[in-house]
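Reader: I would like to understand how labels are given to residues in a structure, and what reasoning stands behind each of them. Could we go through some of them slowly?

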Amino acid sequence: MDEANRFSNHADMSQPLLRELFGPSREEIWRQLASEIDANYVEGDFWTRGKVQASHAGWLITLEEHGKYHHTRVRAPFLNPGGFRFTVYRKGVFTGLGKYMGMQDVEVGHADFDRDFVIKGTDEAKLRQIFGNARIRELIVAQPRIHFEVKDGNGIFERGLFGEKV
């Protein structure tokens, strides 16, 4: 096969230059994800971007961009009768100052993980149990930028009125 035919078969020449340079758009990728996980892509508007929503056991799970720097957020509400809450994120420039001023940072007993991450929570024994799991630590460490937390829900996000698939 000559070079011209190989190139024209490799790249769809009808695509705009931006798609050729940067690949599929965020919307295309999120639509594909929604299709693959049997979820819905919810169109954005002038003020908000689109999002992916899935229903599981009557609970609404949402993947969306959030905040000033457009980070990706997954919201998955659940019942938490014991009130266990926690936050995990990578240590930063001001972590030492925060700790000096009394910020909580639970050590979970794994030196590298304790060195690299801040962990705050309502039950230190549960935190040690969760982060005692090597696979959980491995998945967290693999993320160059990560911040996740279990916290109280905001507003009426938790559950659709009749648990229907949205």
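Reader: Why is Asp152 called partly exposed, and not buried or exposed?

Author: In this predicted model, Asp152 has a relative accessible area of 48%. Buried requires a value under 20% and exposed one over 50%, so Asp152, at 48%, falls in between and is called partly exposed. This residue lies in the segment after β7, which covers 147-150, and its C-alpha atom is separated by 8.8 Å from that of Asn80, although the two are 72 residues apart along the chain.

Reader: What makes Tyr100 count as exposed?

Author: The relative accessibility of Tyr100 is 73%, and because the label exposed asks for over 50%, Tyr100 receives it. Tyr100 belongs to helix α4, residues 95-100, and together with Val93, Phe94, Leu97 and Met101 it makes a nonpolar surface patch of about 720 Å².

Reader: How do you know that Tyr100 may be counted in a patch of that kind?

Author: A patch residue must have over 30% relative accessible area, and Tyr100, at 73%, therefore meets that cut-off. Tyr is also among the side chains that are taken as nonpolar for a patch, and Tyr100 is accordingly listed with the residues that make this one.

Reader: What is noted about the phi angle of Asp38, and where is this residue placed?

Author: Phi of Asp38 is near 55°, which is a positive value in a residue other than glycine. Asp38 sits in the loop between α3 (26-36) and β1 (40-42), and because its relative accessibility of 55% is over the 50% cut-off, Asp38 is called exposed.

Reader: Why does Ala57 count as exposed?

Author: Ala57 has a relative accessibility of 60%, and since exposed means over 50%, the label follows. Ala57 is found in the loop between β2 (51-56) and β3 (59-66), and it has a positive phi of about 50° although it is not a glycine.

Reader: Which element gives the most to the lining of the second largest pocket, and how do the residues of that lining divide?

Author: The element is β3, with three residues. The lining has 13 residues, of which Trp47, Thr48, Arg49, Glu65 and His66 lie nearest the centre of the pocket, and it divides into two nonpolar, six polar and five charged residues. Trp counts as nonpolar, whereas Arg and Glu count as charged, so Trp47 belongs with the nonpolar residues, and Arg49 and Glu65 belong with the charged ones. The volume of this pocket is about 230 Å³.

How values were computed: Residues numbered from 1 in each chain as written. Predicted model: local features only at pLDDT ≥ 70, side-chain atom pairs only at ≥ 80, totals over all residues. Heavy atoms only, no water. Patch = residues over 30% accessible without salt bridge, like charges linked within 9 Å, V, L, I, M, F, W, Y side chains within 5 Å. Areas by Shrake-Rupley, 256 points an atom, 1.4 Å probe, with all protein chains shown as cover. Salt bridge = Lys/Arg side-chain N within 4 Å of Asp/Glu carboxyl O. Helix = DSSP H or I, 4+ residues; strand = E, 2+ residues; numbered from the N terminus. Buried < 20%, exposed > 50% of the residue type's maximum accessible area, 1.4 Å probe, protein only. 1 Å grid on protein atoms, 1.4 Å probe; cavity = no way out; pocket = protein on both sides within 12 Å on 5 of 7 lines; lining within 4 Å. Points joined across faces, edges and corners; volume = space filled by probe spheres on them.
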